[in-house]
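Before reading on, please take a moment to look over the sequence and the model together. The report below then works through some of what can be computed from the atoms.

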Amino acid sequence: MNQSDHRQLNKKQIEACLTSATQDLIPDVLDHIDLSTPQETVELHTRSIFVLRRRVIASLIAACFCMIALAGGTYTYQNGRVDSVIGIDVNPSVELSVNKRNKVLSAQALNEDARNIMEQMDLKGVDLNVAVNAVIGAMVTNGYLTDADNAILVTVANDSVKKAKNLRSTVVGDIKTALKEQQLEAVVYDQQAIEEDQVKSFALDYGISYGKAYFLKELMDQNSSLTLDDMKDLASLNMEQIAKVITERSYAVGGRTEVTEETKESTSASETTTQKNTMETVSTEEATSTQPSSETESQTATHNNPTQVQTSSATPSSSAEEDTTSEQDNKSGEKIKIDYVDYEDGVVMVYFKTKVKWKNPTVSVKDEDGNTYSAKVSDTDSESCEIDVTGLSQGKEYTFVLGGISPKIGKQVTVKGVFETPVVGEEDSESEETTETQATTAASTAPTETEKIEQSTGKITSQ
Amino acid sequence: MLFMGLMSLDRPDDYGRLSDEKLLIKVANGDQEAFRQLYQNTDRTMYSFILSIVKNPQDAEEIMQEVFLKIWTSAKSYKSQGKPLAWMFTIARNLCYMKFRDQKHDSDVTIDDLMGVEAGEVCQEIEMAADKMVLLAALQILKEEEREIVLLHTSGGLKHREIAASLNIPLATALSKYNRAMKKMENYLREE
């Protein structure tokens, strides 16, 4: 048909065309349909709906199970995970791995003596205090803890310093109770440990527990007179003997190590000291100066980090200058390090190793006796500050505390430093010091880095 | 006995007078004769409907066979609602869409390819040029719903009322859509 025909098509014609066009196309497929194909039964159909529903329900149930499994798994994982490791060293060295809920996950005997006592014990899944009790009990029965001098080292390793601290006191408490029940006394050294490869290899080399190795390393760090050979000797001793050596030679037991003494009179242990960790600020300078009877070990032991110590001889200074070195930590771990401090004619110049910011700076200057002197911050910049102070006398040591200062990045802190006024005409004396601020708390820094607690033979405090 | 005999004799004649609904119920009971009757009653309508969706006579034939087989096998699942055609259309529509999916899945045939194939085949099969042109135009320019309505009315022989019921749309909608589609056709054919 041509186009003119199309133009004439009206609705009726279109309808007719469509009708006739399809009429011819309609196939006859009836014969192709296989009527022998079995018909689906209604039951089948309803079942299919039911199956569908059941499938939905099943998947819901499966989802529920998954969630329960996940929650349970997490719970089990949390419970099965070693949260802290507690080492108990007498001579038998026992290591208890506990989970978050203080349930013992594994109890490991680290030496032959320990294997002897641990053989019959199954401490898995037991509460920590029960386990500690059992271990101490077994040590007593097997004669490792006797009426005579006893020393127990408790080492707690946990990622969280706070948690470790709590756990430590709990364990020490447990041990004390256990000992009391057995009518025994012991010196309980306890420490918090962080994992260090060096210590690990040391422990392996001498076949001692990690806790003991850590203890010895701490001891060496703080008592520079101790050589590696001494360490080897000490490593072969049991805790009781080590304790004896410590008291005999008056070594400093510092850091996290806390030496507690049973209240009953213990002759050999009477000299041991207890230092609370809460003594956040310990200036070694102060410590040594107030303890004139300190042995040489004690005096030199204080410089746990030689790189942070500068002597005045490094700075060419006039006789009227005094250099000191201070170190500052704050809570966030950001440090303000004092490079050195100059004092000249009523002006204290403080130079910082790191850049600092100021906001309403304040300063207070005190002498050893606690007398305060009028002082003000007269000038500040990012690396130093000037403090005007009046009324100081010659040849004395003063402490200053700077406020309103913060590291480039971090919160405001206080910085404490020490300086000495020179005696006119005298050669400048040298002083070295490490100070730490009160802001520094146990929580923020690695135990061994910041807290050095001085023990001296001259002054003994007991808990 | 006589009654039974009458029943058996009357049967073939009877089927011609039965409604699709009743036939479908018989089909559900495995009555092959009822199925044949149902096929004869509805083949035009079903083919028109399928063609309006797939737009291709060859595919339409293939699908029609599948649709009727499906009607046979799943007749028992038909729930009497007075709309047997609607149910059959649903089956047909599903199978058509399944076909589209398969085609899409099987090869990377573009829409243009489909159109080309379709046009070619239509050309071969439709002998009468005018009818062919009109049908092609209808398949090309109308939307799916319009095609359904138009083809069901013209070639399927359904009344507007029946179309509305089977497609579940109001009668007014069916009518207006039909009229609009026809206008479209007229305009299109005039321009060509």
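Two residues are in contact if their C-beta atoms, placed from the backbone, lie within 7 Å. Among contacts in chain A between residues at least 6 apart in sequence, 63% join residues that are at least 24 apart.

This is a predicted model, in which local features need pLDDT of at least 70 and side-chain atom pairs count only at pLDDT 80 or more, whereas totals for chains, interfaces and linings use all residues. Residues are numbered from 1 along each chain as its sequence is written, while chains are lettered from A and ligands numbered from 1 in the order in which they are written.

Chain A has 13 helices and 15 strands, where helices (H or I, at least four residues) and strands (E, at least two) are DSSP runs numbered from the N terminus. Of the 463 residues of chain A, 38% count as buried; a residue is buried if 20 or more other C-beta atoms lie within 10 Å of its own, exposed if 12 or fewer, and partly exposed in between.

Two residues of chain A, neither of them glycine, have a positive phi, and the table sets them side by side.

| Residue | Phi | Place | C-beta atoms within 10 Å |
|---|---|---|---|
| A:Asn102 | near 60° | loop between strand 2 (93-98) and strand 3 (104-109) of chain A | 18, partly exposed |
| A:Asn360 | near 45° | strand 10 (residues 356-367) of chain A | 9, exposed |

Turning to chain B, helix 3 (residues 32-54) and helix 8 (residues 144-154) of chain B pack at an angle of about 155°, with their axes 8 Å apart; axes are lines fitted to C-alpha atoms, for helices over the stretch in contact, and angles run from 0 to 180 degrees between N-to-C directions. That makes helix 3 of chain B roughly antiparallel to helix 8 of chain B, since angles over 145 degrees count as roughly antiparallel, under 35 as roughly parallel, 65 to 115 as roughly perpendicular and the rest as oblique. Among the residues that meet are B:Phe49 and B:Leu51 in helix 3 of chain B, and B:Leu151 and B:Leu152 in helix 8 of chain B.

Where the chains meet, 43 residues of chain B are in contact with 32 residues of chain A. The largest share of the side of chain B that touches chain A, nine residues, comes from helix 3 of chain B.
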